[in-house]
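Trainee: Got a minute? I'd like to go through the empty spaces in this one.
Mentor: Sure, pull it up.
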Amino acid sequence: MPRIAVFQLTMLAVVFGTNVGHALETDAGQMRVVEVASGLDQPWGVAELPDGSLLVTERDGLLQHIVDGRASRVRGVPRVAAQGQGGLLDVTLARDFDQSRTLFLTYSKPQRGGFGTALAAAELSADGKRLENVRDLFESALGGATGRHFGSRVVEGVDGTLFVTIGDRGDRPSAQDRNLHNGSIVRVNRDGSVPADNPFVSDANVLPEIWSYGHRNPQGAGLDAQGTLWTAEHGARGGDEVNRIRKGANFGWPVISYGQHYRGGQIGEGTAKAGMEQPAHYWDPSIAPSGLMVYDGAMFPEWKGDMFVGSLKFNYISRLDLNGSDATEVEQIEGDETLRVRDIVQAPDGSILFVSVGNGAVYRITR
């Protein structure tokens, strides 16, 4: 393993527009980190609108519109089951948002006897105050009654289809049961229909939305420059993973894992089995990864092609070097601002936005 460089955010104040930030020392030089929103309650996902304002989800069910640091509630959000890890989770703008005003939300939806991960689409009103034409595009088969492991990122593929990550809901064997959506990544069209080229559409014994399976709890997902989907997944103790997703692939949980049960002891059959995928990277000890972005902007050319993943447990942003199907952590960026990083995204101008649950805030990394 290479030596990991750890860099601290200093308390040197710098001026960026009307905001005051801190200097951020990295191996690519000094950057700045600026607070752009604060006072948030359990923020989960963030998206930047074309006018520079932000949409931020709060897990208890509120969608906040942030303009010049001021938050206002967006009306019309679906009713969520704010249970345990569930609630209002991810937000992603459609690639054609400028024309369509369409956005996508994932959330835990009340179901008979429990809750399931759902994907909704809506249009944001011109004044940013309400959602219109709200409709569910996908709802998982009954996920379970626990408040654990909902996933739940939504990523628009290069072809306009939508990937949604779903956790095993705390029921380990269900991640291998393709009659359930638990522990899978699903893929649907923007109208909610099943794409004809999904891997299992002709198999009556598999739910047709499933794209890959054998996942524990993927809370980070993003595309690289080639349009390949990557995920960051919570494992058990010592088994958090980065995975390069392949169509129809089985990622092994809970048959194989590099982690152990929290009380000790081997999980499943070991770390490898024929027909099951190996992770591109795993963390031991576990970092509790959430949020994933592969950088392709112009602001930080030194980081182009690198992956960034938030750590909820150790309060840093992990930077990983990608080499084919492998990923290697090469830097940990940390400071007071990176307290429990839940989401990380690339902004339209190439800066990097991240959500700190611990601070109830959103920050921007810039030059």
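Mentor: We'll take the pocket, then the cavities.
Mentor: This is a predicted model, where local features need pLDDT of at least 70, side-chain atom pairs count only at pLDDT 80 or more, and totals for chains, interfaces and linings use all residues. Residues are numbered from 1 along each chain as its sequence is written, and side-chain values use heavy atoms, with hydrogens and water left out.
Trainee: How much space lies in the largest pocket?
Mentor: About 1200 Å³. A pocket is an open set of points on a 1 Å grid over the protein atoms alone, with protein on both sides within 12 Å along at least five of seven lines. The volume is the space filled by probe spheres set on the points, which are joined across faces, edges and corners.
Trainee: Which residues are closest to its centre?
Mentor: Thr-92, Leu-223, Met-293, Val-345 and Gln-346, out of 44 that line the largest pocket. Lining residues have an atom within 4 Å of a point.
Trainee: What classes are in that lining?
Mentor: The largest pocket has 23 nonpolar, 10 polar and 11 charged lining residues. Asp, Glu, Lys and Arg count as charged; Ala, Val, Leu, Ile, Met, Phe, Trp, Tyr, Cys and Pro as nonpolar; the others, Gly among them, as polar.
Trainee: New topic. How many cavities are there of 30 Å³ or more?
Mentor: The search finds 2. In a cavity, a 1.4 Å probe fits but cannot get out.
Trainee: What are their volumes?
Mentor: The largest cavity is about 70 Å³, and the second largest about 40 Å³.
Trainee: What lines the largest cavity?
Mentor: Its lining includes Arg-216, His-234, Glu-241 and Trp-253. Glu-241 also lines the second largest cavity.
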